[in-house]
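Please open the model in your viewer and keep the sequence beside it. This tour names what to select at each stop, and then says what is there.

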Amino acid sequence: GNNPKISVIVPVYNVEQYLPRCIDSILAQTFTDFELLLIDDGSTDNSGKICDEYAERDNRILTFHKMNEGISATREFAINHVNGQFVQFVDSDDWIESNMFELMYNQAIATNADIVGCNFIQEYKNKLLKTKAIYKDKESFILSVISNHWGVLWKLLIRHQLFIKYDIHFPNGIDGGEDYFVVTQLLLNCNVVSFVDSYLLKFRK
C-alpha cells in the first residue's frame with residue numbers, strides 16, 4: 001500500500017556485480033509489507049539499468065536516478081522519499097537473511113522500539129567473521145558507536161518519525177563518517193533501542 005511498514009533504502013553506485021544478489025535477498029523476505037527505494041547515484045555501469053529492470057518486475061520497487069553526489073546526499077534524498085513507518089538501510093554489496101525484516105519489525109513492535117539492531121557477518125575472501133552487536137542499553141550502544149566502527153546504518157531498523165521529529169539529516173559532503181553522525185543523533189533522541197540476537201546481514205569486505 002501507500003504506507004508500508006518498512007521502507008528499504010539501497011543507495012546504488014557502480015555495483016552491477018553485486019546488486020542483483022542484494023535486491024534478490026530483499027525480495028526473498030518472509031515479511032512482505034515494504035517498499036524498496038533504489039537510488040541510482042549517477043552510476044556509469046549497468047547498475048541503473050538493473051534497478052529499472054527490477055522496478056518493472058515488482059511494484060514495491062521504486063527506482064530514482066540522480067546525478068552523482070555521494071552516499072550521504074543519496075541517503076538524504078532517499079529519506080525524503082520514504083513512505084514507511086520504519087526505515088531499513090541496506091548497502092548494495094551486502095545481502096540479508098530472508099527473515100531479517102520479520103524479526104526486526106516484530107521486535108520493534110514487541111518492545112515499542114525506535115531503533116532495532118542485529119548481528120552481522122563479514123565475508124572475507126576465504127573466511128566469515130561473525131560479529132555480535134547486542135548492547136545492554138542505549139548508552140553502551142552510543143559508546144560503541146563512538147569508540148569503534150559499528151556506528152553503521154545498515155544493521156538498524158529505524159522509526160522514520162525520528163528523522164522528522166528531531167530534524168536529523170545526513171551531513172552534506174561527508175562520505176565515510178556520515179553514519180556515525182546520524183546514528184549517534186538517532187540514538188540520543190530515541191526512547192527505546194532493542195536488538196535481535198541473530199546474524200541477519202552479510203557484508204563483503
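A residue counts as buried here when its relative accessible area is under 20%. With that cut-off in mind, please note that this is a predicted model, and begin with Phe86, which has a relative accessible area of 0% and is therefore buried.

**The whole chain**

Before going further into the detail, show the whole protein chain as a cartoon, where seven helices and nine strands can be picked out. The radius of gyration is 16 Å, close to the 17 Å that the globule rule gives for 205 residues, so the protein chain is as compact as a globular protein of that length. If you turn the C-alpha trace along its principal axes, it spans about 45 × 40 × 35 Å. Of the 205 residues, 55% count as buried, and among contacts with a separation of 6 or more, 80% are between residues 24 or more positions apart.

Now switch to a surface view, in which the protein chain exposes about 9,400 Å², with carbon and sulfur atoms supplying 49% of that area. Colouring by charge brings up 19 positive and 27 negative charges, whose mean positions are 7 Å apart.

**The aromatic pairs**

Next, select the aromatic side chains, since a search of the whole structure finds six aromatic pairs. One of them joins Phe86 and Tyr105, whose rings are 5.8 Å centre to centre with 90° between the planes, an edge-to-face arrangement. Phe86 belongs to strand 4 (residues 86-89) and Tyr105 to helix 4 (residues 100-111), so this pair ties together parts that are 19 residues apart in sequence. Tyr105, with a relative accessible area of 8%, is buried, as is Phe86 at 0%.

Keep strand 4 in view and move to Phe89, whose ring pairs with that of Phe170: the centres are 5.9 Å apart and the planes stand at 70°, so this pair too is edge-to-face. Here the link is between distant parts of the chain, because Phe89 is in strand 4 while Phe170 is in the loop between helix 6 (160-165) and helix 7 (178-189), 81 residues apart. Phe89 is buried at a relative accessible area of 0%, and Phe170 is buried at 6%.

Which residue joins Phe86 and Tyr105 in one aromatic cluster? Add Phe31 to the selection, and the three residues of that cluster are on screen together.

**Helix 3**

Hide the rings and select helix 3 (residues 71-79), where seven of the nine residues are buried, so that this helix is largely enclosed by the rest of the structure. To see which ones they are, highlight Ser72, Ala73, Thr74, Arg75, Glu76, Ala78 and Ile79.

**Two asparagines in loops**

For the last stops, go to the loop between strand 1 (6-12) and helix 1 (19-27), where Asn14 is found. Asn14 has a positive phi of about 50° although it is not a glycine, and with a relative accessible area of 31% it is partly exposed.

Then select Asn112, placed in the loop between helix 4 and strand 6 (115-123). Is Asn112 buried or exposed? At 54% relative accessibility, Asn112 counts as exposed, and its backbone has a positive phi of about 55°, again without being a glycine.

Methods. Residues are numbered from 1 along each chain as its sequence is written. Side-chain values use heavy atoms; hydrogens and water are left out. Helices (H or I, at least four residues) and strands (E, at least two) are DSSP runs, numbered from the N terminus. The radius of gyration is taken over C-alpha atoms; the globule rule is 2.2 Å times the number of residues to the power 0.38. Buried means under 20% relative accessible area, exposed over 50%, partly exposed in between (1.4 Å probe, protein chains only). Contact means heavy atoms within 4.5 Å. Accessible areas come from the Shrake-Rupley method with a 1.4 Å probe; for residues, only the protein chains shown count as cover. Lys and Arg count as positive and Asp and Glu as negative; His and the chain ends are not counted. The place of a charge is taken as NZ of Lys, CZ of Arg, CG of Asp or CD of Glu. Rings of Phe, Tyr and Trp (its six-membered ring) pair if their centres lie within 6.5 Å; planes under 30 degrees apart count as stacked, over 60 as edge-to-face and the rest as tilted.
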